[in-house]
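Me: I would like a close look at a single part of this structure. Please take one helix, go through it slowly, and then place it among its surroundings.

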Amino acid sequence: ALFFGVVGCVTAALGLPLLGAATLLGCWDVRRLQPQALALAGVNGLMDYVLADYTWARAVLLLGPTVATMGMTVQIPLATAADVVLSWAGLGHPHWLNSRKATLLTAAGTAAILAGVFGINCSAGSDDSSSGSSDGLVGQRFRQAADGSLQEQLLQAEDGQLQSLGHSQRVTPAH
């Protein structure tokens with residue numbers, strides 16, 4: 001949260017003087033901006049950037065950077081599928097469906113993304129097979145969450161007692 005706060009402060013410190021200078025030079029007329037548009041832009045910024053970055057950072061803490069980033073990558077094929085379904089339902093027609101070449105390129109890109117996601121998940125499972133676990137980092141994190149150790153680590157991190165949650169822990173079965 002501190003990181004995103006610093007990013008916001010730096011953005012405000014650099015952006016507000018530029019905005020003021022543009023207003024004084026006549027490049028931007030503040031009076032043309034409606035209050036409703038300004039409010040919607042603020043809400044949009046909070047939802048698109050602040051909430052999205054916060055939930056991504058929590059996912060990195062809970063699941064690890066690779067799994068969290070791959071989870072975000074899956075939104076592209078999901079958006080493609082939503083475009084196709086909405087087009088079939090008559091609720092819109094995406095521009096990329098207008099030409100055969102664009103449709104094929106979009107389908108190929110979607111397939112490549114899904115192949116990468118499945119490849120990462122398969123390789124994570126094979127890396128942990130030597131320790132007796134076949135479900136990779138996600139399964140390890142969920143097992144930690146189920147037995148309470150992940151919550152304890154998060155609480156310790158919030159108290160400043162634990163320096164890094166990114167270290168690798170192998171969960172081995174009890175013999």
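Reply: A good place to begin is A59, which is found in helix 2. The model is a predicted one, and the values below are computed from it. At 22% relative accessibility, A59 counts as partly exposed, because buried would require a value under 20%. The C-alpha atom of A59 is separated by 8.9 Å from the C-alpha atom of T69, and the two residues are 10 apart along the chain.

The next step is the helix that follows. Helix 3 covers residues 65-73. The axes of helix 2 and helix 3 come within 7 Å of each other, and they cross at roughly 135 degrees. An angle over 145 degrees would count as roughly antiparallel, and 65 to 115 as roughly perpendicular. The value here is in neither range, and therefore helix 2 and helix 3 are oblique to each other. Their crossing is right-handed.

Another residue of helix 2 is L38, since this helix takes in residues 35-63. How does L38 stand, buried or exposed? L38 is exposed, because its relative accessible area is 53% and the cut-off for exposed is over 50%. L38 also belongs to a nonpolar surface patch, which L38 makes together with L16, L19, W28, V30 and L33. The area of this patch is about 530 Å².

Two charged residues come next, R31 and D29. Their side chains meet in a salt bridge, with a distance of 3.2 Å from N to O. Side chains of opposite charge can pair when their charged atoms come close. The structure holds 1 salt bridge, so the cut-off is worth stating: the nitrogen and the carboxyl oxygen must be within 4 Å. R31 is exposed, with a relative accessible area of 75%, whereas D29 is partly exposed at 32%.

For a point of reference in another helix, take A111. This residue lies in helix 5, which spans residues 100-127. A111 is partly exposed, with a relative accessible area of 44%. Between the C-alpha atoms of A111 and P77 the separation is 8.0 Å, and these two residues are 34 apart along the chain.

Last comes the chain as a whole. The protein chain has 7 helices and 0 strands, and from the N terminus its elements run α-α-α-α-α-α-α. Helix 2 is one of these helices. Of the 175 residues in the protein chain, 15% are buried. Neither A59 nor L38 is counted in that share, because A59 is partly exposed and L38 is exposed.

Methods:
Residues are numbered from 1 along each chain as its sequence is written. This is a predicted model: local features need pLDDT of at least 70, side-chain atom pairs count only at pLDDT 80 or more; totals for chains, interfaces and linings use all residues. Side-chain values use heavy atoms; hydrogens and water are left out. Patches are made of residues with over 30% relative accessible area and no salt bridge: like charges are joined within 9 Å, nonpolar side chains (Val, Leu, Ile, Met, Phe, Trp, Tyr) within 5 Å. Accessible areas come from the Shrake-Rupley method with a 1.4 Å probe; for residues, only the protein chains shown count as cover. Helices (H or I, at least four residues) and strands (E, at least two) are DSSP runs, numbered from the N terminus. Buried means under 20% relative accessible area, exposed over 50%, partly exposed in between (1.4 Å probe, protein chains only). Axes are lines fitted to C-alpha atoms, for helices over the stretch in contact, and angles run from 0 to 180 degrees between N-to-C directions. Angles under 35 degrees count as roughly parallel, over 145 as roughly antiparallel, 65 to 115 as roughly perpendicular and the rest as oblique. A crossing is left-handed if the near helix is turned anticlockwise from the far one by less than a right angle, and right-handed if clockwise.
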